[in-house]
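Reader: I have a fold open on my screen and a list of labels next to it. Could you walk me through what earns each label?

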Amino acid sequence: MEVSQKWNWDSKPILVKCGGFSSQLAKNVTEKVDGDPLWGSRFDATNPEAVIQTHLDFLRNGADIILTNTYQSSVEGFVKYLGVTRERGVDLIQKSVQLAKQAKEQYLSEIGSEADSALPLIMGSIGPYGAYLHDGSEYTGNYADKMSKEQLKAWHTARIEICLAAGVDGLALETLPCLMEAEAVTELVLDNFPDAKFWVSLQCMDEKHLASGESFAEAALSLWRLVQSRKAENRLLGIGLNCVNPLFVTPLLSSLTKVAGSDRIPLVVYSNRGEIYDVEQGDWTGTGEEVVKFVPEWIQLGVRIVGGCCRVYPTDVLAIRKYVDGLNIKP
């Protein structure tokens, strides 16, 4: 965790995250990405050059943060869908981190920066259990009724251990559809990985509720209290939202600010474009929004990490980069 320990918010109080990795990856490969049970993770094994290229596409357009291509990675998933051994499954998660590191190294070389530069940060993408199920349940959280918190902790442990051992700068605990899983993975990181920095990002169905139907504001506040109870505020990069309609973000964040009172919770947002993923078709439907037009109000609400998720491309990240660079914000 050396790089992230070097980082401080005094030099750059707002960071720009990359966009939707698998959306951009689809432009760099000939095979269909959406609908695959491993989603983009398959390409760590089959086309690592395209993975590196996708990271570079975002870095060259101003991303301060890239995420490893591990959102839908699991040892079990690789064994099931690639027919590899468990050892090879572990290797592939490690490889995903190394590919992100290679992209960072190449980018820093291109811009003439020091190889040990703190930025860009590499966050390990830790998607929900529902992504492994490949049934759209990361948008419902309905598996929470069938599993215990301890079972979810056990399932998440391997990928987190592998990513941290491989040298990510922190963890993106993301697209979490229900409070139980969000608490499980947050507790896991707080209690078992004491040096890891992280953010927690929730998936929401509308302007008030998690995908599970629970209150976003109450869930996010519960996570904040959990971090406070461990006196781990210095490890938390943010609590927020991802892969959510950008039209929902301001009402959701406003609801959290209201219940948080005087607490200043660090916020992270990386929305999609507002389109809807059709599980049966394996594709996106509807009309999308330009994410950058929402960024000013999000920053006004206290967001300090901002970027995009599905269907948000390098050109969108560049637009966000230009807006953020035009601000004169003091930490």
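**What the labels rest on**

Author: Let's start with a residue in the core of the labelling business: valine 168 counts as buried, at 1% relative accessibility. Keep in mind that this is a predicted model.

Reader: What makes valine 168 buried?

Author: The cut-off for buried is under 20% relative accessible area. Valine 168 comes in at 1%, so it earns the label. You'll find valine 168 in the loop between H8 and strand S4 (170–176). From there to lysine 208 it's 40 residues in sequence and 32 Å in space, C-alpha to C-alpha.

Reader: And why is serine 201 called buried?

Author: Its relative accessible area is 0%, and buried means under 20%, so serine 201 is buried. This serine 201 sits in strand S5 (residues 198–202).

Reader: How do you know that the side chains of serine 201 and asparagine 242 make a polar contact?

Author: They are joined at 2.8 Å, and the limit for a pair of N or O atoms is 3.5 Å. The serine 201 side chain also reaches the backbone oxygen of leucine 241, at 3.3 Å. Leaving out neighbours within four places in sequence, the contacts of serine 201 include Leu173, Glu174, Thr175, Leu176 and Tyr270.

Reader: What about aspartate 64: buried or exposed?

Author: Buried: the relative accessible area of aspartate 64 is 6%, and the label needs a value under 20%, so it fits. Aspartate 64 lies in the loop between helix H4 (48–59) and strand S2 (65–67). Its side chain makes a polar contact with the side chain of arginine 321, at 2.8 Å.

Reader: Why is histidine 134 called partly exposed?

Author: Partly exposed covers what falls between the 20% and 50% cut-offs. Histidine 134 has 34%, so it lands in that middle class. It's in the loop between helix H7 (129–133) and H8. Histidine 134 also has a phi near 55 degrees, a positive value in a residue other than glycine.

Reader: Then what makes lysine 231 exposed?

Author: Exposed means over 50%, and lysine 231 has a relative accessible area of 71%, so the label holds. Look for lysine 231 in the loop between helix H10 (216–229) and strand S6 (236–242). Lysine 231 isn't a glycine either, yet it has a positive phi of about 50 degrees.

Reader: What is the omega of the cis peptide bond between leucine 119 and proline 120?

Author: Omega is about -5 degrees for that bond. Proline 120 lies in the loop between H6 and strand S3 (121–126).

Reader: On to helices. Why is H8 called oblique to H9?

Author: Helix H8 (residues 149–166) and helix H9 (residues 179–192) pack at about 55 degrees, with their axes 9 Å apart. Roughly parallel is kept for angles under 35 degrees and roughly perpendicular for 65 to 115, so an angle of about 55 degrees makes H8 oblique to H9. The crossing is right-handed. On the H8 side, the residues that meet H9 include Leu152, His156 and Ile160; on the H9 side, they include Met180, Val185 and Leu188. By class, this contact has seven nonpolar, two polar and five charged residues.

Reader: What makes H10 oblique to H11?

Author: The axes of H10 and H11 come within 8 Å and cross at roughly 55 degrees. That value falls outside the roughly parallel range, under 35 degrees, and the roughly perpendicular one, 65 to 115, so H10 is oblique to H11. Their crossing is right-handed. Among the residues that meet are Phe216 and Leu221 in H10, and Leu252, Leu256 and Val259 in H11. The classes here are nine nonpolar, one polar and one charged.

Reader: Which residues does threonine 250 touch, not counting those up to four places away in sequence?

Author: Glu297, Trp298 and Leu301. Threonine 250 is in helix H11 (residues 246–260). The C-alpha atoms of threonine 250 and glutamate 297 are separated by 7.2 Å, and these two are 47 residues apart along the chain.

Terms used. Residues numbered from 1 in each chain as written. Predicted model: local features only at pLDDT ≥ 70, side-chain atom pairs only at ≥ 80, totals over all residues. Heavy atoms only, no water. Axes fitted to C-alpha atoms, helices over the stretch in contact; angles between N-to-C directions. Helix = DSSP H or I, 4+ residues; strand = E, 2+ residues; numbered from the N terminus. Parallel < 35°, antiparallel > 145°, perpendicular 65-115°, else oblique. Left-handed = near helix turned anticlockwise from the far one by under 90°. Contact = heavy atoms within 4.5 Å. Nonpolar A, V, L, I, M, F, W, Y, C, P; charged D, E, K, R; others polar. Buried < 20%, exposed > 50% of the residue type's maximum accessible area, 1.4 Å probe, protein only. Polar contact = N/O pair within 3.5 Å; in protein donor to acceptor, adjacent residues only side chain to side chain.
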